[in-house]
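Welcome to this structure! Here are a few notes to help you find your way around it.

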Amino acid sequence: MDISNLPEEHQNLLEALKKAIIEIDEQSAKQITAAIAEAKIDPNVAIKYAIAQGAAEIGEKFDNGTYFLPHLVMAGDLMDAIGRKLEKNLPKDRIQKKVVIIIGAVQGDMHSVGKNLVATMLRSGGFEVYDMGVDVTSMAFIDKAKEINADMIALSSLLTTTMPYQKEIIEDLKAMGIRNKYKVMVGGGPVTEKFAKEIGADGYGKDAIEALEVAKKLFS
Ligand code: B12
């Protein structure tokens, strides 16, 4: 994400938010987020620049032993809180017909921040989103999809070890003869377009912005 074309004052705010997130400095992060809203900086830019890039650096710090699990937990909560504040200012870009999407992190996966951002972005696009939370089994997704007559199931995996559960859900839908009833969109850190194709998903998004674009295309 390149922000060099933005006014310097906006660049400084975005830089400061990223730094506060990386340092898990809740007070500063919240103050800067308020200033970002005040300055009317595009929330998508703030999410992509400060949260997504901040998370990548937090992951590196975890990898190189500077940060430990409690840091990840605190960073996760902070990114969630900041994401929610930024999302309030997303433009409402409504689609016409009612489309219901179920979203969740697959079985064994406790990562919620990215999934929450995707859910909010989809809501901002006018989709009706039912968030099942984290660590959701294949059957729980399918039962809920039937119960609320969903149009799409959106699956998030942040761990390589939980990616196979995305495939499992598609296989279970096939085995039950209901694969055609639901679109399936997949995403999350280690998930790629190639993997999505291999497991037979209908859509893949590398981030929350792409998730909305793909969902719109699937239902246009
Ligand atoms: C915060 C965090 C945690 C927190 C999560 C808190 C929370 N409330 O979510 C906690 C502490 C719980 C955690 C735990 C673990 N974590 Co962790 N975690 C992270 C961290 C630092 C940030 C994740 C994040 O929030 N990113 C920010 C969001 C905005 O990005 P995102 O999640 O990728 O989502 C975007 C896209 O992927 C996409 N997307 C996401 N979902 C979906 C879904 C759809 C349908 C679509 C279209 C798109 C999409 O759009 C999102 C928004 O743009 C990452 C490092 C990283 N760089 O990502 C490690 C990371 C994901 N964790 C990792 C690991 C190893 C673990 C643990 C196993 C650690 C341990 N030893 O116990 C546990 C596993 C717990 C479990 N069973 O799930 C590894 C995974 C390695 C791998 N590839 O398998 C990472 C990459 C860190 C690392 N470098 O090692 N973690």
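1. A good place to begin is strand S3. Met152, Ala154 and Ser156 point one way from S3, while Ile153 and Leu155 point the other way, and all are buried. In a regular strand, side chains alternate between the two faces of the sheet. Please keep in mind that this is a predicted model.

2. How many of the residues of S3 are buried? The count is 5 of the 5, so S3 is largely enclosed by the rest of the structure.

3. Now look at the sheet that S3 belongs to. The sheet is open and has 5 strands, in the order S2-S1-S3-S4-S5, with parallel pairing. Strand S2 (128–131) and strand S5 (203–204) stand at the edges with a single partner strand each, so one side of each has no neighbour in the sheet.

4. The partners of S3 are worth tracing. S1 and S3 run parallel and are joined by 5 bridges; Ile101 has Met152 as its bridge partner in S3. S3 (residues 152–156) also pairs with S4 (residues 183–187) in the parallel sense, over 5 bridges. Here Ala154 stands opposite Met185, and Leu155 stands opposite Val186.

5. How do S3 and S4 connect? Together with helix H7 (residues 163–175), they make a right-handed β-α-β unit.

6. Finally, two helices to look for on the sheet. Helix H5 (residues 113–124) packs on the sheet and touches S1 (100–105), S2, S3 and S4, with its direction at about 160° to that of S2. Helix H6 (residues 138–147) lies across S1, S2 and S3 and runs at about 165° to S1.

Note on methods: Residues are numbered from 1 along each chain as its sequence is written. This is a predicted model: local features need pLDDT of at least 70, side-chain atom pairs count only at pLDDT 80 or more; totals for chains, interfaces and linings use all residues. Side-chain values use heavy atoms; hydrogens and water are left out. Two strands pair if DSSP finds at least two bridges between them. Helices (H or I, at least four residues) and strands (E, at least two) are DSSP runs, numbered from the N terminus. Contact means heavy atoms within 4.5 Å. Axes are lines fitted to C-alpha atoms, for helices over the stretch in contact, and angles run from 0 to 180 degrees between N-to-C directions. Buried means under 20% relative accessible area, exposed over 50%, partly exposed in between (1.4 Å probe, protein chains only). A crossover is right-handed if, with the strands pointing away from the viewer, the path from the first strand over the helix to the second runs clockwise.
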